[in-house]
Amino acid sequence: MSFTQSIEAARNARSLTGKAQTVLLQHYRAARRRALLLDYDGTLVPFYDNPKSAKPDPGLLRLLSGLSGDPLNEAAIVSGRPRRDLQEWFGPLPVCLIAEHGAWLRSRAEEWRALKTITTDWKTQVRPILQLYVDRLPGALLEEKEFSMAWHYRRADPEQASLRAQELLDDLADYTRNKDVQVLEGNKVLEVRNTGVNKGTAAMEWLAHHSVDFILAVGDDLTDEDLFRALPPTAFSVRVGLAQTAARYHLANPAAVRRVLHDLSKAVPEPVALTTPP
Ligand SMILES: [Mg+2]
């Protein structure tokens, strides 16, 4: 997609600035129970060449701690990362953690549980295919998670990478045709995982246990679109970056996301209207 086409596509989502941000703030203040669903990479932090370097900085941890410590809030980190990363970084926070694009869920102060019985027999066949493409593209790397395998190409030469990515997609399409697995195109990553598991299904499972009157969901890539589509139309869904999206709003980058979250964390709830005496 060209840059002009991207701008065109993003036009159906409004920028979450100015008037739109004021409306968001009003709804947030008026809400009695709020859900915040936040993707991590590309949403709360910028991308790093190596996914292992993207640890949360102290400023982000303070922000999340403030938001999740608000008794009116239920916060969830909804990420494609393996659960050990989320546990290590956000384990002590009073937040829900959703890992591997919805395969795992840890409600606050509970144990991790898998959301679907999943077989990973397909890994033995997919691993050599991905390994071949790691060998064929300098800078590419293979990441193995419990329920998925990812081929990252952020550090590779962009032109060569897009050729190899297309070839890999074709090879994987042959393999996955009659199997219970799918290929996801993320931001500089192709990921193979079981079907029927996504950020949308996991988020709805979590939301079913909380009665909320405000939902904010923020994410930056195709895997977040499953979440945006699953949410009720009243939710404030936000896509980071310029792209075709099912979200209602967009924001430019992680810095803009943090500014909005910071404003929310400072917002004072609207006082409950006093009932008039008889
Ligand atoms: Mg992301």
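Which residue in β3 does Leu-37 stand opposite? The partner is Ala-76, and that pairing is a handy way into this predicted model. Leu-37 and Ala-76 also turn up together among the residues with the most contacts inside the largest nonpolar core, so keep them in view as we go.

Let's step back for the overall picture. The protein has nine helices and 13 strands. Its C-alpha atoms fill a box of roughly 75 × 45 × 35 Å, taken along the principal axes. The radius of gyration is 20 Å, which agrees with the value near 19 Å for a compact globule of 278 residues. Of those 278 residues, 39% count as buried. Take the contacts between residues at least 6 apart in sequence, and 58% of them join residues at least 24 apart.

Now for the sheet. Nine strands line up in the order β1-β13-β12-β11-β2-β3-β4-β5-β6, forming an open sheet with mixed pairing. At its edges sit β1 (14-15) and β6 (113-114), each of which pairs on one side only. Strands of a sheet pair through backbone hydrogen bonds, and the pairing can be parallel or antiparallel. In the case of β2 and β3, the sense is parallel, over five bridges. Further along the order, β11 and β12 also run parallel, joined by four bridges. Within that pair, Ala-217 has Ser-237 of β12 as its bridge partner.

Strand β12 (residues 236-240) deserves a closer look. Five of its five residues are buried, so the strand is largely enclosed by the rest of the structure. In a regular strand, side chains alternate between the two faces of the sheet. Here Phe-236, Val-238 and Val-240 point one way, while Ser-237 and Arg-239 point the other way, and all are buried. Follow Val-238 outwards and, leaving aside neighbours within four places in sequence, you find contacts with Leu-16, Ala-217, Val-218, Ala-247, Tyr-249, His-250 and Leu-251.

That brings us to the core itself. The largest nonpolar core has 52 residues, and those with the most contacts inside it are Leu-37, Ala-76, Ile-77, Ile-98, Ala-217 and Val-238. Strand β11 (residues 214-219) gives the most to this core, with five residues. There is also a second, separate core of 15 residues, which includes Ala-140, Trp-151, Tyr-153 and Leu-190.

What about the helices that pack on the strands? Start with α3 (residues 58-69), which has 12 residues and reaches 16 Å from its first C-alpha to its last, close to the 16 Å expected at 1.5 Å a residue. Its buried residues are Leu-64, Leu-67 and Ser-68. Seen down the helix axis, they fall within an arc of 90 degrees, so they line one face of α3. They pack against β2 (34-38), β3 (73-78) and α9 (254-266). The face turned away from this buried side carries the exposed residues Pro-58 and Gly-59.

Helix α4 (residues 83-90) has its own buried set: Arg-83, Asp-85, Leu-86, Trp-89 and Phe-90. They cover an arc of only 160 degrees around the axis, which puts them on the same side of α4. The buried residues of α4 pack against β3, β4 (96-99) and β5 (104-106). Strand β3 is therefore a packing partner for buried residues of α3 and for those of α4.

Two further spots are worth a visit. One is the hairpin formed by β9 and β10, with two residues between the strands. Six bridges join β9 (residues 181-186) to β10 (residues 189-194), and the two run antiparallel. Gly-186 has Val-189 as its bridge partner in β10. In the turn, Lys-188 has a positive phi of about 60 degrees.

The other is Leu-141, which lies in strand β7 (residues 141-144). Is Leu-141 buried or partly exposed? It has 19 C-beta neighbours inside 10 Å, and being buried takes 20 or more, so Leu-141 counts as partly exposed. Not counting residues up to four places away in sequence, Leu-141 touches Val-134 and His-152. Leu-141 and His-152 are 11 residues apart along the chain, and their C-alpha atoms are separated by 5.2 Å.

Key: Residues are numbered from 1 along each chain as its sequence is written. This is a predicted model: local features need pLDDT of at least 70, side-chain atom pairs count only at pLDDT 80 or more; totals for chains, interfaces and linings use all residues. The expected span of a helix is 1.5 Å times one less than its number of residues. A residue is buried if 20 or more other C-beta atoms lie within 10 Å of its own, exposed if 12 or fewer, and partly exposed in between; C-beta atoms are placed from the backbone. The arc is that of the directions from the helix axis to the C-beta atoms. Two residues are in contact if their C-beta atoms, placed from the backbone, lie within 7 Å. A nonpolar core is a set of buried Ala, Val, Leu, Ile, Met, Phe, Trp, Tyr and Cys residues joined through C-beta atoms within 7 Å. The radius of gyration is taken over C-alpha atoms; the globule rule is 2.2 Å times the number of residues to the power 0.38. Two strands pair if DSSP finds at least two bridges between them.
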